[in-house]
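User: Could you take a close look at the aromatic pairs in this one and walk me through a pair in some detail?

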Amino acid sequence: MAVLTFFCAFSQYTFAQDAATTPEKYTAHNKGKFFISWGGNRDNYTKSDIHFKGDGYDFTVNDVKAHDKGKGYHVDYINPARMTIPQTNFKIGYFISDHYNVSIGIDHMKYVMTQNQMANVSGEINLPQSEAGSIHNGPYSNTPTRMTEDFLKFEHTDGLNYVNIQVNRFDDISSWFGLPNTDKFQINLTEGIGAGILYPKTNATLLSKERHDDFHISGYGLSAQVGLNFTFFKYFYIQGDLKGGYINMNDIKTTSSNADSASQHFGFLQRIVSVGGIFRL
């Protein structure tokens, strides 16, 4: 009996020693970690009504169609001299707990009004006869009008910049796929909600006026995101996300004159693929 008691006590001591000396997996806890990522996106937009107002005109173009300006697989995404040209996503963040992090990001989307589409226009244009755009003078009442370049060219192509703060949840779901808890490979599910400002560089040519293309804080956005994160060898990851939301731009610069402006609001959906790193300082 004494021998059995000694054996049990020795086994418990040995197990406790082994547990105490086994190093904790890096991926077991996230609190205190930083992360940073870079990626690209493709975008879809809902139709929107764009309201233009200024000296001699006040009109709305209804149900405007728009698309993005993707580059596909391109070296510009990693070329330091040209990496702001494609549609890109940058994010940096910090884990405030094992399951929650806060991030700051810049979603560099591109919004291009589909040229030469037919759209209904309501309002009035009454420009001086000395201006080339006066050929479009007249009252409009849901008047079908072709969006030719001399009437309107309208893009946020450098770009539709959504500068946002986001709160995210992060969960290891490796066990859902029967994968062991190791530091070599991990699958995580992440969801988040965010808000921010729109800081576009709008390329607009309106009623044959001089082209305008300048950065300007134009409004705000709200968004929600869901994604899968694949972490390799503790520190590196690839992440795919779907991010959708609402953009309200109530102060868009269309010409060099402060009297001229535009406004619009629409929904968006981003499909994002990014690469990144996660680490403790």
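Analyst: Sure thing. There are 17 aromatic pairs in the structure, where a pair means rings of Phe, Tyr or Trp (its six-membered ring) with centres within 6.5 Å. Take Phe 185 and Phe 232: their ring centres sit 5.3 Å apart with the planes at 45°, so this pair is tilted (under 30 degrees would be stacked, over 60 edge-to-face, and the rest are tilted). Phe 185 belongs to strand S10 and Phe 232 to strand S13, so the pair ties together parts 47 residues apart in sequence; strands here are DSSP runs of E, at least two residues long, numbered from the N terminus.

How accessible are the two? Phe 185 has 27% relative accessibility and counts as partly exposed, and Phe 232, at 30%, counts as partly exposed too. That class lies between buried, under 20% relative accessible area, and exposed, over 50% (1.4 Å probe, protein chains only).

Elsewhere, Phe 52, Tyr 57, Phe 59, Phe 151 and Phe 154 make up one aromatic cluster.

A word on the ground rules. This is a predicted model, where local features need pLDDT of at least 70 and side-chain atom pairs count only at pLDDT 80 or more, while totals for chains, interfaces and linings use all residues. Residues are numbered from 1 along each chain as its sequence is written, and side-chain values use heavy atoms, with hydrogens and water left out.

Key:
Helices (H or I, at least four residues) and strands (E, at least two) are DSSP runs, numbered from the N terminus.
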